[in-house]
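Biologist: Please pick a single part of this model and go through it closely, pair by pair where you can. Then place the rest of the chain around that part, and keep the description to geometry and contacts.

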Amino acid sequence: MFVALEGIDGSGKTTLARALLDRGYSVTREPFSEVTREILSILREPLAKELVFYLDRLYHLEKVIKPRRTKGIITDRYKYSQIAYAYARYGDSSLYRRVLKLNADLPDSDLVVFLDISPEEALKRKPGIAEDARPYGKPEEFFMKVREKYLSMADEHWIRINAERSRENILKEVLNCLSKR
Ligand code: ADP
């Protein structure tokens with residue numbers, strides 16, 4: 001099974017991914033390669049950045065996710081992140097539609113674990129994320145747009161976890177969902 005952990009910055013994805021790794025699950029993340037992360041830190045042009053995110057995902061899918069899909073693999077972020085953030089950054093623009101079109105050809109994960117948290121709580125947990133949001137407006141409003149876009153993509157393959165609870169309760173609920181699949 002291929003599982004994607006999603007949620008706005010500060011929702012606890014990385015914390016949960018580490019706990020799942022400690023429990024013996026195979027865990028990976030996006031952006032996958034170190035080179036991608038370095039390129040993204042230098043690039044400024046929005047279309048180029050979006051394409052780099054997409055290329056990293058293609059590589060990650062072929063080299064890491066597909067070979068482990070049957071045994072089980074959990075990724076911290078997947079294509080849903082790119083779609084939700086591109087929408088919050090660029091609105092319903094040609095750039096956003098390009099991002100949608102590119103990702104439309106990629107497989108959906110079998111399950112999306114969506115860590116749902118209010119932007120206010122996420123900003124309290126991880127204050128640094130305010131700076132990343134600033135170019136696109138007020139941080140609370142930016143992350144609310146990201147959250148709403150995520151929620152608009154949710155279907156029967158998504159589970160929504162109340163991420164404002166303790167780490168232990170979140171992990172327990174997620175382990176319970178995973179064990180039933
Ligand atoms: P993300 O990967 O979604 O950006 P992180 O896992 O990095 O989120 O968590 C953001 C911050 O919140 C970290 O400092 C982390 O220790 C803390 N954190 C994670 N989960 C919880 C939780 N359930 N309750 C309180 N703080 C949390």
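Modeller: I start from one residue pair: Val3 has Leu111 as its bridge partner, and Leu111 belongs to β4. The model is a predicted one, and each value below is computed from it. The pair sits in the pairing of β1, residues 2-6, with β4, residues 111-116; these two strands run parallel and are joined by four bridges. On from there, β4 is also joined to β5, again in parallel, and here the number of bridges is five. One pair across these strands is Leu115 with Ile161, the latter in β5.

These pairings are part of an open sheet of five strands, whose order is β2-β3-β1-β4-β5 and whose pairing is parallel. Which strands stand at the edges of the sheet? They are β2 (27-29) and β5 (158-162); each has a single partner strand, so one side of each has no neighbour in the sheet. Between neighbouring strands the average turn is 25°, with direction ignored.

The helix α1 lies across four of these strands, namely β1, β2, β3 and β4. Relative to β3, which covers residues 73-76, α1 runs at about 155°. The helix α1 also takes part in the surroundings of the ligand, where 13 residues form the shell and the closest are Gly12, Lys13, Thr14, Thr15 and Arg125. Two elements give two or more residues to that shell: α1, which spans 13-22, and α9, which spans 167-179. The largest share is that of α1, with three residues. By class, the shell holds seven polar residues, five charged ones and one nonpolar one.

Next come the loops that leave the strands. Pro31 is placed in the loop between β2 and α2, and the peptide bond that leads from Glu30 to Pro31 is cis, with omega near -10°. Arg77 is found in the loop between β3 and α4. Its phi is positive, about 85°, although Arg77 is not a glycine. As background to both cases, most peptide bonds are trans, and most residues other than glycine have a negative phi. Is Arg77 buried or exposed? Arg77 counts as buried because 22 C-beta neighbours lie inside 10 Å, and the cut-off for that class is 20 or more.

Past these two loops there are two helix pairs to describe. For such a pair, the angle between the axes and the distance between the axes are given. The axes of α2 (residues 34-42) and α3 (residues 46-68) come within 10 Å and cross at roughly 175°. This makes the two helices roughly antiparallel, since an angle over 145 degrees falls in that class. In the contact, Thr36, Ile39 and Leu40 of α2 meet Lys49, Val52 and Asp56 of α3. Three of the residues in this contact are nonpolar, two are charged and one is polar.

In the second pair, α4 and α5 pack at an angle of about 170° and their axes are 9 Å apart. The two are therefore roughly antiparallel as well. From α4 the contact takes Lys79, Gln82, Ile83, Ala86, Tyr87 and Tyr90, and from α5 it takes Leu95, Tyr96, Val99, Leu100 and Asn103. Sorted by class, that contact has eight nonpolar residues, two polar and one charged.

The loop that links this second pair, between α4 (79-90) and α5 (94-104), contains Ser93. Ser93 has 13 other C-beta atoms within 10 Å and is therefore partly exposed. Ser93 and Pro67 are 26 residues apart along the chain, and 35 Å separates their C-alpha atoms. A second serine, Ser152, lies in α8, the helix of residues 139-153. Ser152 is exposed because 10 other C-beta atoms lie within 10 Å; the limit for that class is 12 or fewer. From Ser152 to Leu47 the chain runs over 105 residues, and the C-alpha atoms of the two are separated by 23 Å.

Key. Residues numbered from 1 in each chain as written. Predicted model: local features only at pLDDT ≥ 70, side-chain atom pairs only at ≥ 80, totals over all residues. Near = placed C-beta within 6 Å. Nonpolar A, V, L, I, M, F, W, Y, C, P; charged D, E, K, R; others polar. Axes fitted to C-alpha atoms, helices over the stretch in contact; angles between N-to-C directions. Parallel < 35°, antiparallel > 145°, perpendicular 65-115°, else oblique. Contact = placed C-beta atoms within 7 Å. Pairing = 2+ DSSP bridges.
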